[in-house]
Amino acid sequence: MAPFVAAAALGFLLLLASPASAGFLCFYDDFSDGNASGWSPLNASRWSVDHGPGGKDGPNFVYRINTTNYSNLSGSRLGEYSLAPGLYEDFVLELEARSDDNLASNTWADYCVVFGHQDARNYYYIMFNRAPAGTELFRIVDGVRELIADPPAPVSIPDNAFHSISIERLGSQISVTFDGQGILTATDDTFGVGSIGLGSYNDAASFDDVRIIVPEPATLALLGCGLLAVARRRRRT
Ligand SMILES: [Ca+2]
Ligand SMILES: [Ca+2]
Ligand SMILES: [Ca+2]
């Protein structure tokens, strides 16, 4: 669900107590309301909110790419992603991600996280891949992929379980963790304020417990989060 929207409408904002994630919780969705309202998928037919492939998640709802049968887009852009509501500059993004591909037969199974998204031809993405060589941070500039950074130590999707990802951006500093371990840091300021999303290059994957935290009230006031950004977009259209 998107309790943020309701909370913001009532003027509530959560100040998180955790020092590791200090800031304002701008957006949270655990999909427990059984929908992905507010999200903007490239191809809605490839996305489901349900109990996982074959119902493997029991009562829990996840948001997932329900097919592996699609290709990346030209320029090594992601074949599929869905953007969360809101626009974000500095942020901490936390989520759970799981490959739903057969990792034995698809040795390049992946899931990806998008940020700084300006449009379909300009954005950052980090790919987590079954193949260690595929886990990398990229930017798409004018529709063409450029490598920003490789993890110093190999990172591979280990299994078909959910794993915790965090991505922090503060100014031009980008840092990424996988299961709580720092795996990559980079400096890049190609894209500033933009959208955040979940996706994959060409595979099936599930996502859950997405939270976006912004570090400073100043950012909040300038950009708004969630509802405010959506309102800004609506005024422009
Ligand atoms: Ca859930
Ligand atoms: Ca595939
Ligand atoms: Ca792949």
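A residue is counted as buried if 20 or more other C-beta atoms lie within 10 Å of its own. In this predicted model, 8 of the 10 residues of strand E16 (residues 205-214) meet that criterion, so the strand is largely enclosed by the rest of the structure.

Several strands pair with E16 in the antiparallel sense. Strand E7 (residues 91-99) does so over 7 bridges, strand E2 (residues 24-29) over 5 bridges, and strand E5 (residues 62-65) over 3 bridges. Within these pairings, Tyr 28 stands opposite Arg 211, whereas Ser 206 of E16 is the bridge partner of Arg 64 and also stands opposite Arg 98.

An open sheet is formed by 7 strands in the order E3-E6-E15-E8-E9-E10-E11, with antiparallel pairing. Strands E3 (40-41) and E11 (144-149) stand at its edges, and because each has a single partner strand, one side of each is left without a neighbour in the sheet. At the E11 edge, the partner is strand E10 (residues 136-141), which pairs with E11 in the antiparallel sense over 5 bridges; here Val 141 is placed opposite Val 144 of E11.

With respect to the nonpolar interior, the largest core comprises 56 residues, and those with the most contacts inside it are Leu 93, Cys 112, Val 113, Val 114, Tyr 125 and Ile 212. For Val 113, when neighbours within four places in sequence are left aside, the residues in contact are Leu 93, Tyr 125, Ile 126, Ile 165, Ile 167 and Leu 198.

Note on methods
Residues numbered from 1 in each chain as written. Chains lettered and ligands numbered in written order. Predicted model: local features only at pLDDT ≥ 70, side-chain atom pairs only at ≥ 80, totals over all residues. Core = buried A, V, L, I, M, F, W, Y, C linked by C-beta atoms within 7 Å. Buried ≥ 20, exposed ≤ 12 C-beta atoms within 10 Å, placed from the backbone. Contact = placed C-beta atoms within 7 Å. Pairing = 2+ DSSP bridges. Helix = DSSP H or I, 4+ residues; strand = E, 2+ residues; numbered from the N terminus.
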